[in-house]
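Me: I have not looked at this one before. Can you walk me through it?
Reply: Yes, ask away once it is on screen.

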Amino acid sequence: MNFYGIKAIYLFEMARTWRTIMQSIASPVLSTSLYFIVFGSAIGSRMASIEGVSYGAFIVPGLIMLSILTESISNASFGIYMPKFTGTIYEILSAPISAVETVIGYVGAAATKSVIIGAIILITARLFVDFSIEHPLWMIAFLVLTSITFSLFGFIIGIWADSFQKLQIVPLMIVTPLAFLGGSFYSINMLPPFWQTVALFNPVVYLVSGFRWSFYGVADVDVGISLGMTLVFMLICLAAIGWIFRTGYRIKA
Amino acid sequence: MAGLVPAIHVFKGSKDVDPGTSPGMTTKSASIISASIPHRFPSCYHPGMKPLDSLEMPRPAGASDPIIAVSGLTKTYASGFQALKKVDLEIRRGEIFALLGPNGAGKTTLISIICGIVNPSTGRISADGHDIVRDFRAARTKIGLVPQELTTDAFESVWATVTFSRGLFGKPPNPAYLEKILKDLSLWEKRDSKIMTLSGGMKRRVMIAKALSHEPNILFLDEPTAGVDVELRRDMWNMVRRLRESGVTIILTTHYIEEAEEMADRIGVISKGEIILVEDKAILMQKLGKKQLTVHLQSPLSSLPPELQSDSLHLSGDGSELVYTFDTQSEETGIAGLLRRLNEHGIDFKDLQTSESSLEEIFVSLVRGRS
């Protein structure tokens, strides 16, 4: 195991995070604050509580998930896309480091940043609404698991993308709609029956539901299923990455 | 670990100016670090595979294993382009090997495959006894690569990037070693500068520092002096020699034949994906090199006397020079006989001059001969 290699990639990626610390933190904090002002205070005050949870508090887990998904994907995809774009990937490819170790370095750093941002949003949210966390350990588990899973997904996008447009298109065209339709701002039980069934095909539903359960003990789908689906998505990403490195897809001629 | 620093002596007095920060800075003469990597010069001889038949060399007893052995290597890209056609090549321990070839001949593909950047289609490669696929960790730890393109992270500092490279190659931190490398490459003053603020020549040195950061014993330099000014090129040649003296095997590709002529112990010529020749430079020059004797005549001749006419003797257009071509390999050059016959015919001369064909001429004739 090349621990020094993993550490080098991890620290390199984290250094990139610290260099852009203001953008990294200021932007999610700002957007979350806006969400709370609009949905939590302005609209939320006129909304009935959902399953005994006030609307302002209800959207906290969903908002954190929304940020985690987009941040994980953008961090991990950018992290591996840049060396491909500038050509510095030659060094990674010529180093005595395995595919697994490379992924641990890049995905580990992207997931770390996501967890930090998740924690910051959680603290920011606390300034706007009052909430408690029923299962803090499960909350952390979901946070970390989701960060890792979507960082893996972002890594795949970064490998696949051969232009900055493609790098943007998946988060913009697929992930944001899925996140918004995944029950971040509502319970899928509020949807008509047909759309409830459709929603079950959206992986984000399981993430948000499980995460919300860790806060308030209420969930759209069983927490076991949430956990299972998250793990399944993670395994799919791992299999895809395994295939990428075996075939050299888009990184090795 | 500091004791393992290979000797590098470079960029003596090169005026490689960072336009941003220190105008007029002249890099000082780099100190020579004592070479402590044991010398691994080949006291033995290994002929490169696939030499021209006529160039076959005897193989003295006690030949050691090659440091890089390539056998049956082919590469066909997804587009169907066959970049390498069954390449067999052996690089000797401790030598400077120059790989020459025209654009698109397969030089960079060959290097990229050995370094793990491109997958081979078929064939086997071992580096310092380790198969580059099965035992990739051990193989790659031995290899440093300076690619042709100046690809660096713009926002990183020089120090951060060499630290990164060392870690990536699985080596524990060794600030003293990295400091020595940077000092010898005249980059120490710039260690905290972002790479984007450095000049082109400095960036190339950063690439070299990165490649040396994990103490490799095989160094690939892909077109190291492309786009480098004359002074820096000389400094780089010096650095390569110093590295070789410290026991590092160096494989360089180049377009500049004078570079190969100046530096290399052995030369390989690649053309259209095939190694068409591997030979000791001196022997190559000797075997393929033709020497010419130019005789500057006292008074011009209108034509050669019939007795002197031969394929190897020509009269220049204005009749003032005789050009005699001879083979450096033959026992008799025929010069003495020629001069005697000139004397017999009463042809006086004021000067004599010999010249030998350059590697470039040899190279061109080789590549042309194949096409």
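Me: Among contacts in chain A between residues at least 6 apart in sequence, what share joins residues at least 24 apart?
Reply: The share is 82%. Keep in mind that this is a predicted model.

Me: How many helices and strands are there in chain A?
Reply: Chain A has 10 helices and 0 strands. Read along the sequence, the pattern is α-α-α-α-α-α-α-α-α-α.

Me: And how compact is chain A?
Reply: Chain A is as compact as a globular protein of its length, because its radius of gyration is 19 Å and the globule rule gives a close value, 18 Å, for 253 residues. Along the principal axes, the C-alpha trace of chain A spans about 60 × 40 × 35 Å.

Me: What percentage of chain A is buried?
Reply: Buried residues account for 44% of the 253 residues in chain A.

Me: Let me pick a residue. Is A:S41 buried or exposed?
Reply: A:S41 counts as exposed, because it has 12 C-beta neighbours inside 10 Å, and a residue with 12 or fewer falls in that class.

Me: Where does A:S41 lie?
Reply: A:S41 lies in helix α2 of chain A, which covers residues 21-43. Its C-alpha atom is separated by 25 Å from that of A:L178, and the two residues are 137 apart along the chain.

Me: Changing topic: which residues touch the most other members of the largest nonpolar core?
Reply: They are B:A98, B:I114, B:A209, B:F220 and B:I250, in a core of 73 residues. Helix α5 of chain B, residues 200-212, gives this core its largest share, 7 residues.

Me: Is there another core apart from that one, and which residues are in it?
Reply: Another core, of 65 residues, lies apart from it, and A:I6, A:I117, A:Y216 and A:I241 are among its members.

Me: Back to B:F220. What does it touch?
Reply: Leaving out residues up to four places away in sequence, B:F220 touches B:I111, B:C115, B:I143, B:L145, B:V146 and B:I251.

Me: How many residues of chain B and chain A are in contact?
Reply: On the chain B side there are 26 residues, in contact with 22 residues of chain A.

Me: Which helices of chain B each supply at least two residues to that side?
Reply: Both α2 (136-141) and α3 (158-168) of chain B do. The largest share of that side, 5 residues, comes from α3(B).

Me: What classes of residue does that side of chain B have?
Reply: The side of chain B that touches chain A has 13 nonpolar, 8 polar and 5 charged residues.

Definitions and conventions:
Residues numbered from 1 in each chain as written. Chains lettered and ligands numbered in written order. Predicted model: local features only at pLDDT ≥ 70, side-chain atom pairs only at ≥ 80, totals over all residues. Core = buried A, V, L, I, M, F, W, Y, C linked by C-beta atoms within 7 Å. Buried ≥ 20, exposed ≤ 12 C-beta atoms within 10 Å, placed from the backbone. Helix = DSSP H or I, 4+ residues; strand = E, 2+ residues; numbered from the N terminus. Contact = placed C-beta atoms within 7 Å. Rg over C-alpha atoms; globule rule 2.2 N^0.38 Å. Nonpolar A, V, L, I, M, F, W, Y, C, P; charged D, E, K, R; others polar.
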